[in-house]
Every structure is written in C-alpha cells, then in structure tokens.
Amino acid sequence: MSFPSTGRLTATQRTANKRWAGAGTGFLFVLATLACVAGFAATYYFFVRTTTGQYIDESALVEAVTLNGPAERATTKFLDWLPVISVAIAAVVVLFVTIARRRWKAAGIALAACVAANLATQILKDWFPDRPFRGVETIELNSLPSGHTTLAASAAAAVFLVVSPRWRPVAGFLGGTFAVAAGVSTLINQWHRPADVVAAFLLVGAVMLPAGWLVLRTGNRWNVQDDRGDHWASSRLWLLLSALAGVAAAAVAVYSLIKIAPGFGQESSTTNYFWAGAALIVITGYLATVAATWLFGLSARRRPTP
C-alpha cells in the first residue's frame, strides 16, 4: 500500500496531523465522566434503595454458594493476592515507562487518580447509610462500592494511561480482563454483590477519565499514533475480543433472566440470578474497556503520513 507524500496532503489532513492530543474531544470526556457518575447514582438507587434491586442483588450473592469448592478456593487465593498483584503491576509498569520514556507528568497524574479512586471508594462506603430494609433478608451493612474491584480496575487504568497509543488496545483488554476477574471473584467468594462491583467500575471511570484527558493534553509529544495498525499491540483484535466478551455476557444475562421472568415458563432459580449478576459485571467491565480504548484512540494525535 502506498501513502501520499507530504506535499500532496490536503489542508485538512495537515491540520489533523498537527492538532494536539485530546483537542476536540474534551466534551466526549466530559460526557463519559457524567455518564459514569449518573450510572453510579442509578446503580446505588436501584440495587440499594428499591425492593426489586435488593432482591436481584441479594439473590445473586446467595446463589454463589452453589459454586463452593475448587472455584471458591481459587478465587479466595486470587483475592488474597489481589492487592499485592494490583500494586505490583501498576508500580512496575508505571515506573518502567516513567524511567524509560520520561513520562513524569503522566505517571504523576495516573498515580494520583488511582489513589483518589481508592480513597473515594472507602469514603463512599462509610458515607452511604446502611442498606434500608425493603422486605429482603440481607446484611444491612453497606458494601458498595467494592474496594477490591476498585483497586484492580484503577491499577489497570493507571497502566492504560501511561502507555503509548500503540500499546493501549492490548493494555485495555488485559487490564479490563483483570478487573472483571477480580469483580467476579468477589461475587463467587460472596464478598460483594454484583452492584458493588458495577459501582466500583463506574467510580473508577469517573475519576480516571478526567485524569486521562490531562495525560493526553500534557503528553502531546508521545500520545501519537500512525493509524496503520502494523503493531500487534494496536490490532483491532483486542477491541473485538472485548466487544465479543460483552456480547456473550449479555446473551447469558438475557437467557438467565428469561428463565426466571414471569410468563416465560418461570422456574425456581438455583443459579440464574448468579449468572445474571456475573454477566452484568462482565458487560460493564468490557463495555468500559471498549469505550475507553475507542475514546483514547480517537483523541491521540495522528502521526504525519509520509
């Protein structure tokens, strides 16, 4: 494939090549941040303050008992090591990128946002009142949002912010998978309800998106990509895998909910609520991955074509 010479580029192309990273997409970051905040508020209201939401959330938690055995033991070990793994991954990658590429501002912004997300989680967990009684037998102590999930998701997001656009697609997929695995593990282990995990994802998004825009605006020199997709890490495959995982989870959720919905041959649930709750976690995690990868790819500065 041949590429046009610089002299033959149109004025529009030359302008696009020279624009700063993040220019023209600030409003998209604002909209995405507000969507996360609104989603967080809606998640809290429906799953904590309403009878239907409490019943769905608690049923998923109760049905997780059916997975007692190897799955629970494996997730327990994973969750025990999760804080160390999360901090180690973020520290090693961020430190390496910072020293090797001298991205001091990006590292400072990403780490500050990571700390802010985790502090916000603990503050909100204490600030929100205990779960009100709505006729559903449940532990009244507030557990939203999930601290373990916030730690995993924010660590993955910090890595995503400091790597170059070439590496963000694969970093997004691997980081999103890590965060989803952490969230599902807390459900299997009965540490958290599905809504706690979803709220953690949305909280991390609300904090990390503004930080990401700052990383773009202060790192114009290295937030650049050439759009050729000639590097394996920037392949569209990673975005496709995230999208397919979300679609598959949506199919699982629909199937599980149909089996327990009135008027559709309703059956007594033994694991349907659990699978629906787990699917909701997967959908949210990978939807966030797809959205972030697309938004940051759109916002990166384009390398001038030869």
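Which residues does Phe-178 touch, not counting residues up to four places away in sequence? Select Phe-178 in this predicted model and display its surroundings: the contacts are Phe-78, Leu-82, Ile-85, Ser-86 and Ala-152. Phe-178 sits in helix 7. Its relative accessibility is 17%, so Phe-178 counts as buried, the limit being under 20%. To add a distance label, pick the C-alpha atoms of Phe-178 and Gly-285: they are 9.6 Å apart in space, with the two positions 107 residues apart in sequence.

**Whole chain**

Zoom out and switch to a cartoon. The protein has 10 helices and 2 strands. Followed from the N terminus, the order of elements is α-α-α-α-α-α-α-α-β-α-α-β. Colour by burial next: of the 306 residues, 48% are buried. With a surface displayed, the accessible area comes to about 15,200 Å², and carbon and sulfur atoms account for 70% of that area. A contact map is a useful companion view. Among contacts with a separation of 6 or more, 84% are between residues 24 or more positions apart.

**The largest nonpolar core**

Now select Leu-161, Val-162, Phe-201, Met-208 and Phe-296. These residues touch the most other members of the largest nonpolar core, which has 51 residues. To see where that core draws its residues from, show helix 2 (26-49), helix 4 (70-101), helix 5 (104-127), helix 6 (147-162), helix 7 (168-188), helix 8 (194-218), helix 9 (236-260) and helix 10 (272-299); each of these gives two or more residues to the core. Helix 8 supplies the largest share, 9 residues.

Stay with Val-162 and show what surrounds it. Leaving out residues up to four places away in sequence, Val-162 touches Val-94, Val-97, Arg-103, Ala-106, Ala-107, Ala-110 and Trp-222. Another core, of 12 residues, lies apart from the largest one; its members include Phe-40, Tyr-44, Phe-47 and Val-48.

**Helix 6 and helix 8**

Which parts of helix 6 and helix 8 are covered can be checked by colouring each helix by accessibility. In helix 6, 15 of the 16 residues are buried, so the helix is mostly covered. From first C-alpha to last, helix 6 reaches 23 Å, close to the 22 Å expected at 1.5 Å a residue.

Helix 8 is also mostly covered, with 19 of its 25 residues buried. Its first and last C-alpha atoms are 36 Å apart, close to the expected 36 Å. Where is the kink in helix 8? Select Met-208: a kink of about 30° lies there, shortly before the proline Pro-210. Met-208 is also one of the core residues selected above.

**Helix 4 against the end of helix 7**

Move to Thr-75, which belongs to helix 4. Is Thr-75 buried or exposed? Thr-75 is buried, because its relative accessibility of 8% is under the 20% limit. Neighbours within four places in sequence aside, Thr-75 is in contact with Ser-185, Ile-188 and Asn-189. Label the C-alpha pair of Thr-75 and Ser-185: the separation is 5.2 Å, although the two residues are 110 residues apart along the chain.

**Loops and backbone geometry**

Three loop positions are worth selecting in turn.

- Pro-145 is in the loop between helix 5 and helix 6. The peptide bond joining Leu-144 and Pro-145 is cis, with omega about 0°.
- Arg-102 is in the loop between helix 4 and helix 5. Its phi is positive, about 60°, although Arg-102 is not a glycine. The relative accessible area of Arg-102 is 60%, so the residue is exposed, the limit being over 50%.
- Gln-190 is in the loop between helix 7 and helix 8. Gln-190 also has a positive phi, about 65°, and is not a glycine. Its relative accessible area is 32%, so Gln-190 is partly exposed, falling between the 20% and 50% limits.

**Cysteines**

End with Cys-36 and Cys-114. Cys-36 is buried at a relative accessible area of 14%, and Cys-114 is buried at 12%. How many disulfides does the model contain? The count is 0.

Methods:
Residues are numbered from 1 along each chain as its sequence is written. This is a predicted model: local features need pLDDT of at least 70, side-chain atom pairs count only at pLDDT 80 or more; totals for chains, interfaces and linings use all residues. Side-chain values use heavy atoms; hydrogens and water are left out. A nonpolar core is a set of buried Ala, Val, Leu, Ile, Met, Phe, Trp, Tyr and Cys residues joined through side-chain atoms within 4.5 Å. Buried means under 20% relative accessible area, exposed over 50%, partly exposed in between (1.4 Å probe, protein chains only). Helices (H or I, at least four residues) and strands (E, at least two) are DSSP runs, numbered from the N terminus. Contact means heavy atoms within 4.5 Å. A disulfide is a pair of cysteine sulfur atoms within 2.5 Å. Accessible areas come from the Shrake-Rupley method with a 1.4 Å probe; for residues, only the protein chains shown count as cover. The expected span of a helix is 1.5 Å times one less than its number of residues. The bend at a residue is the angle between axes fitted to the seven residues ending there and the seven starting there.
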